[in-house]
Amino acid sequence: MLIKKPDDIKSSEITPEHVYRNRRQFMKDSSHFILGAAATGLGAAALAQNGDALKARAPASLQRSAPAPWWEQKFANIKPAPDSEPYFTGETLTPYRDVTNYNNFYEFGMDKSDPSRRSGEYKVDPWSIEVTGEAGKPGTYHLEDILKPLDLEERVYRLRCVEAWSMVVPWIGFSLGDMLKRFEPTSNAKYVEFETMVDPETMPGVTSRFAIVDWPYREGLRIDEAMNPLAFIAVGLYGSYLPAQNGAPLRLVVPWKYGFKSIKSIVRINFRETQPDTTWVDLQANEYGFYANVNPNVHHPRWRQDMERRLPQTLFSRQYIETRLFNGYAEQVAHMYDGMDLSVHY
Ligand SMILES: Nc1nc2c(c(=O)[nH]1)N[C@H]1C(S)=C(S)[C@@H](COP(=O)(O)O)O[C@H]1N2
Ligand SMILES: [Mo]
């Protein structure tokens, strides 16, 4: 790698907006970039870290410490995102600050800032996942054993919430299918169901009298959706460990579906023959469906779904863009819904 981190650049000056770089663009104007890096302290550390640079890293001062020693080894070797769709989008990344302070994670409260402000007591080590149902290898697995054979990679995906805001996030993780295959789902496994941790001691939203969710938070996918290469398990973002508020230590990321499908802090995986009940469908079936594919043509009673507000926003600028069918991932996923009426199976 041709850039070394200059000693005089304080890592605290490195901000994620600056760190972001399209590698091809980088090759084109690298001399300009080196000058820029030296002058302003942009993301030289980020670019030097891997032989082939990650798209983005958290500011060093904000990078998480490893949840346990074995995590460091995993994170030492991350395959950078490619330069093309579907595992990369040319769009500007949503800054680390917004990705980690504007969250939906009702277990910590209902305000967007609750998950980052109120998750200080939350613990992710030790962590195990219970695998049940239609699988050849059910059991309780320690997270370390699940992650051991899986290689980490970076993927830059759009995340579109049903509340009509969206982000672009550089996740770190692996294909959901690669993890699930090892539990050997049987031919009866037509769906997979996930559950989130419930810990009243460290998750203040769980005991709140305003809580509307019947815990644990539950989500599910059809098995072919789960095995689609785009379905992802994130264990990090911006090159660092996942913060509590984003679903540490591991969460689902299903980029072609509304954000609520991307369940956080998973403790149980259940393979089943029938479609599972899921949290938001149970709460309000006329508003939220099991499929929840991003679709500008399917009306929602409270938020318009043909447009979205792309974060970050400031007091002075809000960026509205058109929402795309399957959140722009139609080429990879539309075939799974051939013959289905998407306004019925919303
Ligand atoms: N356990 C759990 N998972 C959850 C939620 C939640 O409240 N609890 N909110 C969902 C919603 S509505 C969205 S939009 C995404 C937000 O993910 P982010 O905070 O990492 O952007 O998480 C999803 N996963
Ligand atoms: Mo959401």
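This passage walks through a predicted model, beginning with its ligand and moving on to strand pairing and some backbone details.

A good place to start is ligand 1, which sits in the largest pocket. Its surroundings are made up of 17 residues, and the closest of these are Asn-103, Tyr-106, Glu-107, Thr-196 and Lys-264. Sorted by class, the shell around ligand 1 comprises 8 nonpolar residues, 6 polar residues and 3 charged residues. Several polar atoms of the protein can be followed from here to the ligand. Thr-196, already met among the closest residues, places a polar side-chain atom 2.9 Å from a nitrogen atom of ligand 1. Arg-251 also contributes through its side chain, with a polar atom 3.0 Å from an oxygen atom of the ligand. In the case of Asn-104, the backbone is involved: one of its N or O atoms lies 3.2 Å from a nitrogen atom of ligand 1. Taken alone, the ligand exposes 530 Å², and the protein buries 98% of that area.

Attention can now turn to the strands, starting with a hairpin. Strand S2 covers residues 128-133 and strand S3 covers residues 139-142; the two pair in the antiparallel sense over 4 bridges. Within this pairing, Val-131 has Gly-139 of S3 as its bridge partner. The hairpin that S2 and S3 form has 5 residues between the two strands.

A further set of pairings is linked through strand S12, residues 307-310. On one hand, S12 pairs in the parallel sense with strand S5, residues 165-175, over 2 bridges. Here Ser-166 is matched with Arg-310 of S12 as its bridge partner. On the other hand, S12 pairs in the antiparallel sense with strand S13, residues 319-322, over 4 bridges. In that pairing, the bridge partner of Glu-308 is Ile-321 in S13. S12 thus takes part in a parallel pairing with S5 and an antiparallel pairing with S13.

Some backbone details in the loops also deserve a look. Most peptide bonds are trans, and most residues other than glycine have a negative phi. Against that background, the bond joining Glu-85 and Pro-86 is cis, with omega at about 5 degrees. Pro-86 belongs to the loop between strand S1 (78-79) and helix H6 (96-99). Another cis peptide bond runs from Asp-125 to Pro-126, where omega is near 0 degrees. The loop holding Pro-126 lies between helix H7 (114-117) and S2, the strand that pairs with S3. Glu-184, for its part, is not a glycine, yet its phi is positive, at about 50 degrees. This residue is found in the loop between helix H9 (176-181) and strand S6 (191-196).

Notes. Residues numbered from 1 in each chain as written. Chains lettered and ligands numbered in written order. Predicted model: local features only at pLDDT ≥ 70, side-chain atom pairs only at ≥ 80, totals over all residues. Heavy atoms only, no water. Near = heavy atom within 4 Å. Polar contact = N/O pair within 3.5 Å; in protein donor to acceptor, adjacent residues only side chain to side chain. Areas by Shrake-Rupley, 256 points an atom, 1.4 Å probe, with all protein chains shown as cover. 1 Å grid on protein atoms, 1.4 Å probe; cavity = no way out; pocket = protein on both sides within 12 Å on 5 of 7 lines; lining within 4 Å. Sits in = over half its atoms within 2 Å of the grid points. Nonpolar A, V, L, I, M, F, W, Y, C, P; charged D, E, K, R; others polar. Pairing = 2+ DSSP bridges.
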